[in-house]
Every structure is written in structure tokens, then in C-alpha cells.
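Grab the coordinates and work through these exercises at your own pace. Each task comes with a solution you can check against your own scripts.

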Amino acid sequence: GIGGMDVLHHVRTTHPDIPLIMVTAHPSVPLAVQAIQKGAYRVLTKPINIDELELTIHQSVEHARMQRWLREADEQLRLLVETTPVPYIISRVKDGRILYANQPLAELVGIPPVELKKHLTTDFYYDPRDRVTVVERLKRDGFLHDFELLLKGAGGKPVWTVLSVATMELAGEQVILGGLINITRRKETEEALLKERNFVSAILDTAGALMLVVDPSGRIVRFNRACEEITGYTAKQVQGKNFKDMFIAPEDIETIDERLDTIRRGPWPVKGENQWITKSGERRLIDWANTALLDDDGELEYIVATGIDITEGRKAEENLRLYREIFMNSIDVITVLDKEGRIIARNPAHERKSGYTDEEILGQRSGQFLGDKQLSKIYKTLAEDGSYRGEVLGTTKDGMPVWIDLSIFPISGE
């Protein structure tokens, strides 16, 4: 006939969720062990104690309910891990043997999940020493969050990931379990942005023009090498400080504020001149062109100013204006000759004293007024001494002779 053990096996196989209690009149340790192995919750001995039986039934039902809940939770967790798009892995702490990997992780490294179980995690570390760091952090803290890790992806291609894992005991062994996120595209973007930033920085620092970047309140964000050379300050010394406090004279503050208001409103560029006070107290005149950088909401984020130091140029313009005033208003005759001896410019005094109009004299050789023989002697002295000073005899338009106290000196074209 069918024995009690056979009944246990049959019921456990066909109805795994039903709690089983075995009752026997011949108790023994081997029998109890075998019964429990077959699926019995507990073995009771005849005659039955009703209170004990009632308690055992209650406990077995609770135990069965708990086991069913754990199985369902385990199945839900498995489904969650299997269906998540996040690569997930379980590996042994002691040697890195992969115990489980879901499909997204398999796709990341280019190896089927079943084949992955034949590998160690170190097979996929670009630098195997990184695993030492991971394990040490896990031993210290029990978890590891947002750890950037370079792995070998499909075909050995480098893949940047962010790893979040923890340790736990599974089937009597310490394991590491968790997921990772592929951040390769983000890393590539960051690298591209870094290269672009370095490229822009190189341009800013090697440009001859002054390049100044300030935030909407006027605090200095970028200060290139040309700015350093002009002002005597380093970028580190002025970083985060208001440019008006650093370089603008009190009498120019109102003008600068008006220009800033214009920059905020646009359109751009907004141009203007103002002086900068250097570290030594010197004033330099700068010609600025200003534009604005807007954020995603269209609000002003930065002001970019490009400037040219026109201090020396403005002084040269003023000197040139002064020299022209002297040239035009001098009572002495002044002429300018090219290297062939042709007259290319003269002042009004020359017209008054010679009687020639511009149309008659400009472009003509001076020999016709001084005589070729006399002019040859002048040029010889000029070549030997670098200048000429002496009295010469010339003629006016109407043929009248006139003595001239002549001074000649060359002007270099460089």
C-alpha cells in the first residue's frame, strides 16, 4: 500500500502551498528528518495533544502563507530585474564570479546571459584595480553609490558607467548585487565640451584684444592674458570682483551704467570708449565692443566685451593733428618730396611765396625751382651727412630770384 512518506511526496508535488503535518505512533529521529525533507512542516507523536495540534496547525498555516509570500516576492523581483532596462548583475565577493546578469547587461558587454556566468567581473574592468577599490568601499560601507567605472563593452569598446551596488548574503555566500547606467554619451559630451572650452580659452588667452566676460551684476568671470598685461592684475586677482570697482574711474561710472543698460536691452554689439585704471594708477583708453549671452529663458547670463587699447593711437592722432596745425599755419615754407625729388605736399606758405598753385607744382621735380646743379650738391650732402642746412637761390613763378634758408632731412618709411 501507500505509505506516509509517499503521501507526503505526492501532496507536496501536486499542492506545494498546502501545509503538511505528519502524525506517527512510532517516532524516531530518522523518520522525523525524512518527513521534513519530504515537505512536512512538523512530525507529531500519537496520542495527539489537541492543544499542541491546534498550535501546530496555526503555525504551519502562517509558515505556508509566509513561504508563498516570499516566493511571490522573489518572482516579482526576478521579473522586475529581467524587465528593467538597467543592466543588473550579481557576483561573488571573494572572486568576482558572475552568478546572474540580466539581458541589458548582456547587451552592454556583447555576451549572452548564460555565457556571462562563465566569466569574472574583472574580465570587463578596463582597469582590474578598480575592482579592488569597489570591494574595499563595500567592505567599509556595505554599499557603493554613483561610482564612475570604465568597462569593456561589446567588442572591447570602452564604456563609461555609473555603478551602484551593495553586499548581501545569498545561499550562504557574500555577493555583490546592483545595477549600472551607461554614461558613455555623457562622458563624450563632457570631453567635447572640455576640448571646446580649452580651444576657446586658448583663443581668448592668445588674442591681442582684451577679452572680458562679466555676469549681469558686473562680476568678472573671464579675464584674458591681454587684460592681465594691460592692467597689471592676474585673472586670479580679479576673479569674482566687480569690474567697475577694479578699473573704472568715479567720473566714468555713470557712463558705464548707461552702457550696461543698453547692453541688457540690445541690440548688440554695443560700442563705446572709456578709460581703465591699471594697477599702477595709469589710465588706458579702451575702445569696447560688447555683446550679450542669454540663457535658455532669454535672460541675460553674461556680457562679453572685446576691447582694443587705443591710448597710443589716440595720442598719435592728437600729435598728428598738432603737427598738421603747425604745417598749415607756419609762416615758413614747408614741402615734402618723394625719393625721386618730386613735390608731394606743401603748406600754404609755399604757395604764397612761390606763386605756384597745387595743380602747377605737385608732382614736379624741385630741380626746376632750385636748378639741377644746385640740387645735386644738396643731395650729395644729404647722402653723406644725413641732412642738409644752408642758403640756396631759388626762383618764384614769375622768375624772381629768392634766397632760401633751406633745411632738409629724410623721413623713413618704416
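**Exercise 1. Work out what share of the contacts is long-range, then describe the overall dimensions of the protein chain.**

Start with contacts, meaning heavy atoms within 4.5 Å. Among those in the protein chain with a separation of 6 or more, 35% link residues 24 or more positions apart. Before going on, note that this is a predicted model: local features need pLDDT of at least 70, side-chain atom pairs count only at pLDDT 80 or more, and totals for chains, interfaces and linings use all residues. Residues are numbered from 1 along each chain as its sequence is written, and side-chain values use heavy atoms, with hydrogens and water left out.

Next comes the radius of gyration, taken over C-alpha atoms. The protein chain has 48 Å, whereas a compact globule of 414 residues would have a value near 22 Å (the rule is 2.2 Å times the number of residues to the power 0.38). Along the principal axes, the C-alpha atoms fill a box of roughly 160 × 45 × 35 Å.

Finally, look at one pair: L375 and E136 are 239 residues apart along the chain, and their C-alpha atoms are separated by 97 Å.

**Exercise 2. Find how much of the protein chain is buried, and classify L375 and D146 as buried or exposed.**

Set the cut-offs: buried is under 20% relative accessible area, exposed is over 50%, and partly exposed is in between (1.4 Å probe, protein chains only). By that count, 32% of the 414 residues are buried.

Now L375, which sits in helix α16 (residues 372-385). L375 is buried because its relative accessibility is 4%. Leaving out residues up to four places away in sequence, L375 touches R365, S366, G367 and L370.

D146 belongs to strand β5 (residues 143-152). Its relative accessible area is 58%, so D146 counts as exposed. Check its backbone too: D146 has a positive phi of about 50°, though it is not a glycine.

**Exercise 3. Trace the strand pairings of β12.**

Helices (H or I, at least four residues) and strands (E, at least two) are DSSP runs numbered from the N terminus; the chain has 16 helices and 16 strands. Two strands pair if DSSP finds at least two bridges between them.

Take β11 (residues 283-294) as the opening partner: nine bridges join it to β12 in an antiparallel arrangement. One of the bridge pairs matches A292 with I303 in β12. The two strands make a hairpin with five residues between them, and G298 in the turn has a positive phi of about 80°.

Then add β8 (residues 210-214), which pairs antiparallel with β12 (residues 300-309) over five bridges. Here L210 stands opposite G307.

**Exercise 4. Locate the cis peptide bonds at P267 and P269, then see what N290 touches.**

The bond from G266 to P267 is cis, with omega near -5°. Another cis bond joins W268 and P269, where omega is about 0°. P267 is in the loop between α11 (253-265) and β10 (270-277), and P269 is in the loop between α11 and β10 as well.

Now go to N290 in β11. With a relative accessible area of 6%, N290 is buried. Apart from residues up to four places away in sequence, N290 touches R259, I263, W268, P269, V270, V304 and A305. That list includes both W268 and P269, the pair joined by a cis bond.
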